[in-house]
Structures are given as C-alpha cells and as structure tokens.
Amino acid sequence: MKILIVDDSKAMRMIVCRTLKQTDFSGFTVIEAENGIEALSKIASESPDLVLSDWNMPEMKGIDLLKRVRDSGNRVRFGFITSESSLETKKLAHESGADFLVTKPFTPGSMQAALDPILA
C-alpha cells in the first residue's frame with residue numbers, strides 16, 4: 001500500500017508518518033508532498049492507495065486538492081488530517097468526497113479508528 005502524506009509542514013508529515021507506524025497497519029510505503037500542486041503530480045505519477053492531506057496549505061488548500069482529484073475521476077481514498085474541526089468543515093469534506101477527517105491533535109488510536117473502515 002502506498003500512502004501520500006500532504007502537508008506544508010515537514011514536521012507534521014513526519015508526525016503523521018510516525019503515527020501510522022504506531023498503528024496496527026504494516027506493509028505500507030509513504031510518499032510526501034508539501035502542497036496540493038505537488039500532490040496532484042504525485043497522485044498522477046505514483047498512484048497512491050490513500051491520500052492523507054492537511055486542510056490549510058499555501059498554493060492550494062486540501063479541499064481544493066480533493067475537488068481536483070475527484071473532478072478528474074480519481075476515486076483514491078482520501079482523508080484529511082487537520083486542525084479544522086467545525087461541522088461545516090466536516091460536511092464540506094464529506095460532500096466533496098473525503099473518506100474521513102481526523103482532527104489534530106491525534107493519537108495512534110484516533111488514526112487507527114479513522115483508517116480501520118477503509119483499510120480493513
């Protein structure tokens with residue numbers, strides 16, 4: 001399984017990667033992108049199985065990345081890892097085709113709970 005982590009913070013990409021390794025999932029490869037534009041390129045070239053994206057990023061917000069991916073017909077599993085936790089944000093994410101939204105701060109347990117339904 002190939003997982004694309006999209007976040008403008010290198011530290012946050014490392015935290016997400018470390019947290020993934022603390023879950024029960026194994027046998028995955030992590031690739032990274034620091035913004036939505038780079039993520040679009042990596043989705044096209046690397047064909048990840050799952051995209052974990054921040055919501056707020058420069059150049060292209062995570063929600064705009066998701067919309068571009070879905071508009072292209074790509075149904076890659078897509079989740080947000082974000083500090084945005086309002087009901088409006090969750091509703092917009094769901095309506096735009098996100099599989100889940102994990103709010104920061106997160107734990108291996110909350111990551112596991114979000115990923116279990118889609119990776120099981």
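These legends accompany close-up views of a predicted model.

**View 1. Helices H2 and H3 meet in a right-handed crossing.**
Here we look at helix H2, residues 36-46, and helix H3, residues 62-71, whose axes come within 10 Å and cross at roughly 30°. Because an angle under 35 degrees counts as roughly parallel, H2 is described as roughly parallel to H3. On the H2 side, the contact is made by Gly36, Ala39, Leu40 and Ile43, and H3 answers with Leu65, Arg68 and Val69. Sorted by character, the residues of this contact are five nonpolar, one polar and one charged.

**View 2. Lys2 and Glu46 join a strand to a helix through a salt bridge.**
Side chains of opposite charge can pair when their charged atoms come close. The pair to find in this view is Lys2 with Glu46, at an N to O distance of 3.5 Å. Lys2 belongs to strand E1 (residues 2-6) and Glu46 to helix H2, so the salt bridge ties together parts that are 44 residues apart in sequence. Lys2 is partly exposed, with a relative accessible area of 25%. Glu46 is partly exposed too, with a relative accessible area of 31%. The structure holds six salt bridges, and further examples follow in the next two views.

**View 3. Asp54 and Lys104 tie two loops together.**
The closest N and O atoms of this salt bridge are 3.5 Å apart. Asp54 sits in the loop between strand E3 (50-53) and H3, while Lys104 sits in the loop between strand E5 (100-103) and helix H5 (108-119), so the pair links parts that are 50 residues apart in sequence. Are these two residues buried or exposed? Asp54 is buried, with a relative accessible area of 7%, whereas Lys104 counts as partly exposed at 23% relative accessibility. Please look for Asp7 as well: Asp7, Asp54 and Lys104 are linked in a network of salt bridges.

**View 4. Lys91 and Glu95 pair within helix H4.**
This salt bridge stays inside one helix: both residues lie in H4 (residues 87-95). They are four residues apart, about one turn of the helix. The closest N and O atoms of Glu95 and Lys91 are 3.9 Å apart. Glu95 is exposed, and Lys91 is exposed as well.

**View 5. Gly79 is a buried residue of strand E4.**
Strand E4 covers residues 77-82, and Gly79 is the residue to pick out here. Gly79 has a relative accessibility of 0%, so this glycine counts as buried. Which residues does Gly79 touch, once its neighbours within four places in sequence are left aside? The contacts are with Val51, Leu52, Ser53 and Phe100. Another residue to locate is Ile5, which lies 74 residues from Gly79 along the chain; the C-alpha atoms of Gly79 and Ile5 are separated by 9.8 Å.

**View 6. Gln112 of helix H5 is buried.**
Our last stop is Gln112, a residue of helix H5. With a relative accessible area of 13%, Gln112 falls under the 20% limit and therefore counts as buried. Leaving aside neighbours within four places in sequence, Gln112 is in contact with Thr23, Asp24 and Phe25.

Technical notes:
Residues are numbered from 1 along each chain as its sequence is written. This is a predicted model: local features need pLDDT of at least 70, side-chain atom pairs count only at pLDDT 80 or more; totals for chains, interfaces and linings use all residues. Side-chain values use heavy atoms; hydrogens and water are left out. Axes are lines fitted to C-alpha atoms, for helices over the stretch in contact, and angles run from 0 to 180 degrees between N-to-C directions. Angles under 35 degrees count as roughly parallel, over 145 as roughly antiparallel, 65 to 115 as roughly perpendicular and the rest as oblique. A crossing is left-handed if the near helix is turned anticlockwise from the far one by less than a right angle, and right-handed if clockwise. Contact means heavy atoms within 4.5 Å. Ala, Val, Leu, Ile, Met, Phe, Trp, Tyr, Cys and Pro count as nonpolar, Asp, Glu, Lys and Arg as charged, and the others, Gly among them, as polar. A salt bridge is a side-chain nitrogen of Lys or Arg within 4 Å of a carboxyl oxygen of Asp or Glu. Buried means under 20% relative accessible area, exposed over 50%, partly exposed in between (1.4 Å probe, protein chains only).
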